[in-house]
Amino acid sequence: MSNAVLHVADVHKSFGGLRALSDIDLQVMEGTTHAIIGPNGAGKSTLLNVCIGRIAPDTGAVVFDGQVITGKRPHEINQMGVVRVFQTPEIFPDLTLLQNVMVPAFAKRDGSFRLNALQLTSGQSAIREEAEHWLEDVGLYKQRETLAASLSRGDKRRLELAMGLVQRPRLLLLDEPTAGMSRHDTNATIDLLKKFKERGMTKVIIEHDMHVVFSLADRVTVLAQGRIIADGKPDEVRGNPVVQEAYLGG
Ligand code: ADP
Ligand code: MG
């Protein structure tokens with residue numbers, strides 16, 4: 001039996017009178033890619049924010065690797081190995097690609113984002129080599145000394161991915177990894193994420209693009225109006241009339 005890396009247990013969350021999440025119970029199994037889909041306003045981002053500690057649920061709990069993480073601070077949850085990328089661009093435009101990846105690598109090592117220019121410019125270090133390794137992995141090694149500001153949209157996302165990977169995530173959460181991308185960049189991202197999947201990385205992907213979902217996901221959870229309306233293998237979910245209605249009516 002495989003084990004659950006993440007268990008969202010009976011989570012509820014309201015904003016004023018609005019029920020953003022009701023009765024959410026889901027498990028992300030080790031080594032799987034688990035997609036969360038649903039129309040706009042369904043509660044996907046809220047759910048992700050609950051998982052990373054940015055939003056506290058009203059009731060229920062989030063269990064990561066058997067430990068309750070509800071109530072822990074976002075940086076503590078991050079230090080435990082839960083890494084979120086995308087949605088908000090969190091790169092440093094005035095630093096080189098290499099420096100961008102070194103920042104989270106130092107933060108992971110030191111448990112703090114406070115670092116100085118000397119650390120980022122010093123010639124040889126294990127951190128630098130690690131950053132180079134992950135830039136190579138996402139296909140950006142050649143551009144390592146260019147400024148992040150000059151990257152295309154697709155390459156900025158690759159950079160963010162490298163910044164996530166350098167933290168050696170136990171669980172990677174991707175919020176709409178292909179939003180706003182051209183078809184070409186989307187396909188390149190799918191290939192990259194497939195490579196991580198082959199390595200056995202556990203991932204949660206929030207995604208609108210059904211092509212991406214059905215190319216990558218082992219399991220799909222469908223949210224609508226804060227509730228889980230379907231959960232299963234991609235093919236089961238795809239043919240579900242309730243899901244089709246939520247999308248068409250939503
Ligand atoms: P999704 O990511 O699926 O589009 P969200 O999780 O962003 O959905 O939002 C779910 C619902 O909760 C929406 O109706 C949204 O307007 C509302 N909501 C989200 N965050 C807040 C907030 N901080 N305050 C009030 N309402 C919010
Ligand atoms: Mg969202």
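This report walks through the fold, the cores, a few chosen residues and the ring contacts of a predicted model.

## Overall shape

Let's start with the big picture. The protein has 10 helices and 10 strands. Its radius of gyration is 18 Å, close to the 18 Å that the globule rule gives for 250 residues, so the protein is as compact as a globular protein of that length. If you want a box for it, the C-alpha trace spans about 55 × 40 × 40 Å along its principal axes.

As for inside versus outside, 48% of the 250 residues count as buried. The protein exposes about 11,900 Å², and carbon and sulfur atoms supply 51% of that area. Contacts reach well along the chain too: take those between residues at least 6 apart in sequence, and 65% of them join residues at least 24 apart.

## Two nonpolar cores

A bit of background first: in soluble globular proteins, nonpolar side chains tend to be buried together. Here the largest nonpolar core holds 34 residues, and the members that touch the most others are Val101, Leu135, Leu159, Leu161 and Leu174. The elements that each put in at least two residues are β6 (82-85), α3 (97-110), α5, α6 (153-165), β7 (171-175), α7 (183-198) and α8 (210-216). Helix α3 gives the largest share of this core, with 6 residues. Apart from this core lies another one, made of 26 residues, including Val11, Leu21, Ile55 and Leu223.

Leu174 is a handy place to look at the surroundings of one core member. Beyond its neighbours within four places in sequence, Leu174 is in contact with Val85, Phe86, Leu161, Leu193, Lys203, Val204, Ile205 and Ile206. Leu161 shows up in that contact list, and Leu161 is also among the core members that touch the most others.

## Helix α3 and the loop before it

Which helix holds Ala105? Ala105 sits in α3, and at 5% relative accessibility it counts as buried. Setting aside neighbours within four places in sequence, Ala105 is in contact with Ile127 and Val166. For a sense of distance across the model, Ala105 and Gly43 are 62 residues apart in sequence and 31 Å apart in space, C-alpha to C-alpha.

Thr96 belongs to the loop between β6 and α3. Loop or not, Thr96 is buried, with a relative accessible area of 11%. Leaving out neighbours within four places in sequence, Thr96 is in contact with Arg144, Glu145, Thr146, Leu147 and Ala148.

## Around Arg144

Arg144 turns up again in the contacts of Glu132. Glu132 is found in helix α5, which covers residues 126-138. Is Glu132 buried or exposed? Its relative accessible area is 16%, and the cut-off for buried is under 20%, so Glu132 counts as buried. With neighbours within four places in sequence left aside, Glu132 is in contact with Leu98, Tyr141 and Arg144.

Two of those partners also meet each other: Arg144 lies over the face of Tyr141, 4.0 Å from the ring centre. Elsewhere, the charged end of Arg238 sits over the ring of Phe214, at 4.1 Å from its centre. Aromatic rings paired with one another are another matter, since the count of aromatic pairs comes to 0.

## The α6–β7 loop and two positive phi values

Arg168 and Pro169 share a loop, but their exposure is worth a look. Arg168 lies in the loop between α6 and β7 and is exposed, with a relative accessible area of 52%. Pro169 is in the loop between α6 and β7 as well, yet Pro169 is buried at 14% relative accessible area. Beyond neighbours within four places in sequence, Pro169 is in contact with Gly81, Val83 and Gly164. Pro169 and Glu90, in turn, are 79 residues apart in sequence and 17 Å apart in space, C-alpha to C-alpha.

Now for the backbone. Most residues other than glycine have a negative phi. Arg168 is not a glycine, but has a positive phi of about 50°. Asp65, another residue other than glycine, has a positive phi near 50°. Asp65 lies in the loop between β4 (59-64) and β5 (67-68), and is partly exposed, with a relative accessible area of 37%.

Terms used. Residues are numbered from 1 along each chain as its sequence is written. Chains are lettered from A and ligands numbered from 1 in the order in which they are written. This is a predicted model: local features need pLDDT of at least 70, side-chain atom pairs count only at pLDDT 80 or more; totals for chains, interfaces and linings use all residues. Side-chain values use heavy atoms; hydrogens and water are left out. Rings of Phe, Tyr and Trp (its six-membered ring) pair if their centres lie within 6.5 Å; planes under 30 degrees apart count as stacked, over 60 as edge-to-face and the rest as tilted. A charge sits over a ring if NZ of Lys or CZ of Arg is within 6 Å of the ring centre and within 35 degrees of the ring normal. Helices (H or I, at least four residues) and strands (E, at least two) are DSSP runs, numbered from the N terminus. The radius of gyration is taken over C-alpha atoms; the globule rule is 2.2 Å times the number of residues to the power 0.38. Buried means under 20% relative accessible area, exposed over 50%, partly exposed in between (1.4 Å probe, protein chains only). Contact means heavy atoms within 4.5 Å. Accessible areas come from the Shrake-Rupley method with a 1.4 Å probe; for residues, only the protein chains shown count as cover. A nonpolar core is a set of buried Ala, Val, Leu, Ile, Met, Phe, Trp, Tyr and Cys residues joined through side-chain atoms within 4.5 Å.
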